[in-house]
Structures are given as C-alpha cells and as structure tokens.
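This report describes one protein chain, going from a few charged side chains to the sheet and its helices. Please keep the sequence and the structure in view while reading.

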Amino acid sequence: MNQDQEPDPILGAEIRRSAGAEWTAEAAEDERLTELLRRRRLTLSDIAKEMANRSEKISVEFGGHSFTGAIIGAGDDYVTVQGPGQIAEVRLERARWSILTGDGPSVEPATTAASFRAAMHQHAAAETITRLTLDRGDLVIGKIIVVAEDHLEVADVDERRLYVPMEIVLGTIRSIDSH
C-alpha cells in the first residue's frame with residue numbers, strides 16, 4: 001500500500017467523533033420528545049397519583065382558600081393533603097396546584113377513598129366535623145348527614161339543615177384530630 005491509499009488516522013477520528021456527537025444529539029432529542037408525549041397523555045389524576053407516591057409538597061388554591069402541605073393520597077378526582085394540624089381533600093379539577101421545592105416534613109401515605117363522593121360518605125359515616133369549601137370563597141362548617149346523588153345534606157354548627165349542591169363543593173378541610 002502506498003501512502004495515498006492509507007486512511008488518515010486524524011480524519012478517521014474526527015469522523016467518528018462527529019458521528020458520535022450527532023447520534024448523541026439525536027438520542028437526546030428522541031428522549032425529550034418521548035417525555036413530552038408521555039406528559040401530554042397524563043391526566044390530572046395521573047399527576048396527582050405520582051405526586052402522592054412521592055409525598056410531594058404542594059400549595060393548592062381553591063375558591064379563595066389556599067392550603068399547603070404534602071399530598072398523602074389521591075383518588076380518581078381528588079387528592080388528600082396533610083398540612084400543619086389539618087387535612088384537606090381537594091377536587092382536582094376545581095383547584096390550582098403548585099409544587100413547592102425543598103424538603104418538607106416526612107409524612108406517611110394514607111389510604112384514600114376512590115373518589116371525592118366516596119370520601120364524603122366516609123365523613124358522613126364518621127360524623128366528622130368538616131369545613132366544606134365552596135366556590136366564591138364560601139364555607140360551610142358542620143357534619144355531613146347524607147351524601148345524595150347531586151348534593152350533600154349538612155347539619156351546620158348552629159344545627160340547621162343545609163343542602164349543598166355537590167358541584168359547588170371544591171374541597172374539605174378538617175382537623176387531624178377529627179380524622
């Protein structure tokens with residue numbers, strides 16, 4: 001072989017380096033697009049369940065109220081959030097969520113009902129004094145007596161019977177002691 005026919009080792013190394021960089025860039029773009037597609041397919045319920053698995057610390061705003069704590073459970077349409085001395089159950093589609101950075105206090109995951117309606121049935125059975133947060137910032141404090149098809153029947157602290165349409169209930173807040 002003469003010198004004209006031998007491969008140039010510098011050129012060969014440059015071609016390999018260039019191809020490797022191109023393949024690395026393509027792989028990174030494929031990973032980015034795959035993650036974007038995965039995130040586009042997630043529902044609020046999926047996201048809430050992921051956050052519950054990590055006991056993610058969040059701030060949630062609903063009907064003029066805000067609540068901060070760790071997500072300790074998630075149902076199909078709501079999450080359970082434990083804050084200092086209180087627990088809130090908030091309907092996913094009726095609130096705005098922010099994930100907080102930093103380490104919060106360690107909390108134990110809780111067994112949660114499958115749906116918000118099922119959680120209301122649990123409160124009714126336990127006769128828990130609960131603050132119902134309603135749209136427009138209103139609150140109803142009392143015990144849930146009946147969970148009906150489209151409303152809650154509540155005995156408030158003044159022992160009045162209230163009928164609250166389920167669609168305006170954004171969430172509940174209760175003392176941990178009453179849990």
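Arg32 counts as partly exposed, because its relative accessibility is 45%. The model is a predicted one, and the values below are computed from it.

## Salt bridges

Side chains of opposite charge can pair when their charged atoms come close. Across the whole structure, a search finds 11 salt bridges. One of them joins the side chains of Arg32 and Glu29, with 2.8 Å from N to O. Where do these two residues sit relative to each other in helix α1? They are 3 residues apart in that helix (residues 9–41), so about one helical turn separates them. Glu29 is partly exposed, with a relative accessible area of 35%.

A second salt bridge is formed by the side chains of Arg38 and Glu50, at 3.3 Å from N to O. This pair links distant parts of the chain: Arg38 belongs to helix α1 and Glu50 to helix α2, and their positions lie 12 residues apart in the count along the sequence. Arg38 has a relative accessible area of 35% and is therefore partly exposed. Glu50 is also partly exposed, with 27%.

A third salt bridge connects Glu89 with Arg174, whose closest N and O atoms are 3.0 Å apart. Why does this pair tie together separate parts of the chain? Glu89 lies in strand β4 and Arg174 in strand β10, so the parts brought together are 85 residues apart in sequence. Are Glu89 and Arg174 buried or exposed? Both are buried. Elsewhere, salt bridges that share partners join Glu35, Arg38 and Glu50 into one network.

The three pairs described above are listed here.

| Salt bridge | N to O distance |
|---|---|
| Arg32 and Glu29 | 2.8 Å |
| Arg38 and Glu50 | 3.3 Å |
| Glu89 and Arg174 | 3.0 Å |

## The sheet

Strands β4 and β10 belong to an open sheet of 10 strands, with antiparallel pairing and the order β5-β1-β2-β3-β4-β10-β6-β7-β8-β9. Which strands stand at the edges? They are β5 (96–99) and β9 (161–165); each has a single partner strand, so one side of each is left without a neighbour in the sheet. On average, neighbouring strands are turned by 40° against each other, with direction ignored.

Strand β1 (residues 57–62) pairs with strand β2 (residues 65–74) in the antiparallel sense, over 6 bridges. Glu61 is placed in strand β1, and its bridge partner in β2 is Ser66. Leaving out residues up to four places away in sequence, Glu61 touches Ser66, Ala95 and Arg96. Glu61 is partly exposed because its relative accessibility is 36%. Between Glu61 and Val90 there are 9.3 Å in space, C-alpha to C-alpha, although the two are 29 residues apart in sequence.

Further along the chain, β6 and β7 pair in the antiparallel sense over 5 bridges. They form a hairpin with 4 residues between them, and Arg136 in the turn has a positive phi of about 65°. Thr130 has Gly142 in β7 as its bridge partner. Gly142 also stands opposite Asp156 in β8. The strands β7 and β8 are joined by a hairpin through 3 residues, and they pair in the antiparallel sense over 5 bridges.

In a regular strand the side chains alternate between the two faces of the sheet.

## Helices across the sheet

Helix α2 (residues 44–53) lies across β1, β2, β3 (78–83) and β5, and runs at about 80° to β2. Helix α3 (residues 116–126) also packs on the sheet, where it touches β3, β4 (86–91), β6, β7 (139–147), β8 (151–156) and β10 (169–175). The direction of helix α3 makes about 90° with that of β7.

## A nonpolar patch

Which residues form a nonpolar patch on the surface? They are Ile129, Leu139, Ile141 and Val157, which together have about 350 Å² of accessible area. Ile129 lies in strand β6 (residues 129–134). With 47% relative accessibility, Ile129 counts as partly exposed.

Technical notes. Residues numbered from 1 in each chain as written. Predicted model: local features only at pLDDT ≥ 70, side-chain atom pairs only at ≥ 80, totals over all residues. Heavy atoms only, no water. Patch = residues over 30% accessible without salt bridge, like charges linked within 9 Å, V, L, I, M, F, W, Y side chains within 5 Å. Areas by Shrake-Rupley, 256 points an atom, 1.4 Å probe, with all protein chains shown as cover. Salt bridge = Lys/Arg side-chain N within 4 Å of Asp/Glu carboxyl O. Buried < 20%, exposed > 50% of the residue type's maximum accessible area, 1.4 Å probe, protein only. Pairing = 2+ DSSP bridges. Axes fitted to C-alpha atoms, helices over the stretch in contact; angles between N-to-C directions. Contact = heavy atoms within 4.5 Å.
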